[in-house]
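Work through the exercises below with the sequence and the model open. Try each task before reading its solution.

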Amino acid sequence: MNASQNGAPVYTCPMHKDVRQDGPGTCPRCGMPLLAEGTRFGMVRHMMSNPLPLVVMGAIMVVLIIAATMVR
Ligand SMILES: [Zn+2]
């Protein structure tokens, strides 16, 4: 999903956000394995950047709850 949106995934060091490269590897500064951007917090960031689906989902749920209580 993310890969098709952004092209090739960018790999970053969890400790050094300025370390970025196009493929997997290790950080040249601390040697930690690089993580594909979006694997951590990707979901949260996605929801923050586009909260509309959440709002729509919440509204639909409220409507369903109201409808369920009204229909008798
Ligand atoms: Zn690092």
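The exercises cover the fold, the metal site, a charged pair and the nonpolar core.

The model is predicted, so local features need pLDDT of at least 70 and side-chain atom pairs count only at pLDDT 80 or more, while totals for chains, interfaces and linings use all residues. Residues are numbered from 1 along each chain as its sequence is written, and side-chain values use heavy atoms, with hydrogens and water left out.

**Exercise 1. Fold**

Task: List the helices and strands of the protein in chain order.

Solution. Start with the count: the protein has 3 helices and 3 strands. Helices (H or I, at least four residues) and strands (E, at least two) are DSSP runs, numbered from the N terminus. Next, read the order from the N terminus, which is α-β-β-β-α-α. Then turn to burial, where buried means under 20% relative accessible area, exposed over 50% and partly exposed in between (1.4 Å probe, protein chains only). Of the 72 residues, 12% count as buried. Last, take contacts, meaning heavy atoms within 4.5 Å. Among contacts with a separation of 6 or more, 17% come from residues 24 or more positions apart.

**Exercise 2. Zinc site**

Task: Identify the residues that coordinate the zinc ion and state the geometry of the site.

Solution. First, find the donors, which are N, O and S atoms within 2.8 Å of the metal (3.2 Å for Na, K and Ca); water is not among the atoms, so sites may look incomplete. The zinc ion is bound by C13 (SG), H16 (ND1), C27 (SG) and C30 (SG), at 1.9 to 2.4 Å. Second, check the angles: the 4 donor atoms give 103 to 121°, and the site is tetrahedral. Four donors count as tetrahedral if all angles lie between 85 and 135 degrees. Third, write the spacing in sequence, C-x2-H-x10-C-x2-C. Within this set, C13 sits in the loop between β1 (11-12) and β2 (20-21), and C30 in the loop between β2 and β3 (35-36), 17 residues apart. Fourth, compare accessibility: C13 is buried at 0%, C27 is buried at 3%, and C30 is partly exposed at 38%. Finally, test for disulfides (cysteine sulfur atoms within 2.5 Å); the whole structure has 0.

**Exercise 3. Salt bridge**

Task: Which residue forms a salt bridge with D18?

Solution. Apply the criterion, a side-chain nitrogen of Lys or Arg within 4 Å of a carboxyl oxygen of Asp or Glu. The structure holds 1 such pair. D18 is joined to R29, with the closest N and O atoms 2.4 Å apart. Now place the two: D18 is in the loop between β1 and β2, and R29 in the loop between β2 and β3, 11 residues apart. Both ends are exposed, D18 at 52% and R29 at 54%.

**Exercise 4. Nonpolar core**

Task: Which residues make up the largest nonpolar core?

Solution. Collect the buried Ala, Val, Leu, Ile, Met, Phe, Trp, Tyr and Cys residues joined through side-chain atoms within 4.5 Å. The largest core has 6 residues: Y11, C13, V19, C27, L34 and A36. Then trace V19, which touches Y11, T12, C13, C27, P28, R29 and L34, leaving out residues up to four places away in sequence. Continue with T12 in strand β1, which is buried at 9%. With that exclusion, T12 touches V19, R20, L34, L35 and E37.

How values were computed. Four donors count as tetrahedral if all angles lie between 85 and 135 degrees; four count as square planar and six as octahedral if opposite donors are over 155 degrees apart and all others between 65 and 115; anything else is irregular.
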